[in-house]
Amino acid sequence: MDQVDQDKLNDLVKECLKGNRKAQKEIYQLYYGKMMSVCYRYCNNRDDARDLLQDGFLKVFSNLNKYEFKGSLEGWIRRIMVNTAIDYYRKNKDVHFVNDDEGYILDNNNAESADSIYSTFGVEIIMEAIQELTPVYKTVFNLYVMEGYSHKEIAEELNINEGTSKSNLAKAKRNLRDLLENKNAQQNG
């Protein structure tokens, strides 16, 4: 982003802090698509993703005074959206993490198989397959693979231990590979 765009964003933030609804709408519209994509990765359907998005933007605008104009505004908003998704899963009583300290480690053959199956499909089909993962596996997968969290950070955010995070990630990858292999078999069968 060039300096002119960054200056415009900073001006929009300052206007939002003054209560300017037009500036709020502009920021909302500017980041709607990207943040909807983030929220959808953590939900089972678009309606839940929209609810997360709305909750996230409410948090964005109510905490905008904490934005320090350091780093990107998009990154700051993304972090709020991810935290909103984490809060959603903390409150959801139906989510249970599999506590398996030994973990499930992919061996090299499985890793190579996963790489080849991923290259078979486009991003859209892979994202659809991710949506089919259980909420627990999808959450850990998204935090680690898509958001770049470490297992330590995931463990802290979700109140689980690192071994559980590693185990859930490995199982998510295995299930994702299985889902894609089944889709591949259906296409070629």
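This section describes a nonpolar core, two helix pairs and one arginine in a predicted model.

The largest nonpolar core of the predicted model comprises 46 residues, and within this set Ile77 and Met81 touch the most other members. Two or more residues are contributed to the core by each of the helices α1 (3–17), α2 (21–41), α3 (46–62), α4, α6 (123–131), α7 (135–146), α8 (151–158) and α9 (162–188). The greatest contribution comes from α4, which gives eight residues. When residues up to four places away in sequence are set aside, isoleucine 77 is in contact with Ile27, Tyr31, Met35, Phe57 and Val60.

Arginine 78 is located in helix α4, which spans residues 73–91. The relative accessibility of arginine 78 is 26%, and this residue is therefore classed as partly exposed, since that class lies between the limits of 20% for buried and 50% for exposed residues. Beyond residues up to four places away in sequence, arginine 78 touches Met35, Val38, Arg41 and Glu147. One of these partners, methionine 35, lies 43 residues from arginine 78 along the chain, yet the C-alpha atoms of the two residues are separated by 6.5 Å. Methionine 35 is also among the residues touched by isoleucine 77.

Helix α4 also packs against α8, at an angle of about 55° and with the two axes 10 Å apart. Because of this angle, α4 is described as oblique to α8. On the side of α4, the contact involves Arg79, Asn83, Ile86 and Arg90, while α8 supplies Glu156, Glu157 and Leu158. Sorted by class, the residues of this contact are two nonpolar, one polar and four charged.

A second pair is formed by α7 and α9, whose axes are 8 Å apart and meet at an angle of about 100°. The angle falls in the range of 65 to 115 degrees, so α7 is roughly perpendicular to α9. From α7, the residues in contact are Val136, Tyr137, Val140, Phe141, Tyr144 and Val145. From α9, they are Ser165, Asn168, Leu169, Lys171, Ala172, Lys173, Asn175 and Leu176. The contact of α7 with α9 contains nine nonpolar, three polar and two charged residues.

How values were computed
Residues are numbered from 1 along each chain as its sequence is written. This is a predicted model: local features need pLDDT of at least 70, side-chain atom pairs count only at pLDDT 80 or more; totals for chains, interfaces and linings use all residues. Side-chain values use heavy atoms; hydrogens and water are left out. Helices (H or I, at least four residues) and strands (E, at least two) are DSSP runs, numbered from the N terminus. Buried means under 20% relative accessible area, exposed over 50%, partly exposed in between (1.4 Å probe, protein chains only). Contact means heavy atoms within 4.5 Å. A nonpolar core is a set of buried Ala, Val, Leu, Ile, Met, Phe, Trp, Tyr and Cys residues joined through side-chain atoms within 4.5 Å. Axes are lines fitted to C-alpha atoms, for helices over the stretch in contact, and angles run from 0 to 180 degrees between N-to-C directions. Angles under 35 degrees count as roughly parallel, over 145 as roughly antiparallel, 65 to 115 as roughly perpendicular and the rest as oblique. Ala, Val, Leu, Ile, Met, Phe, Trp, Tyr, Cys and Pro count as nonpolar, Asp, Glu, Lys and Arg as charged, and the others, Gly among them, as polar.
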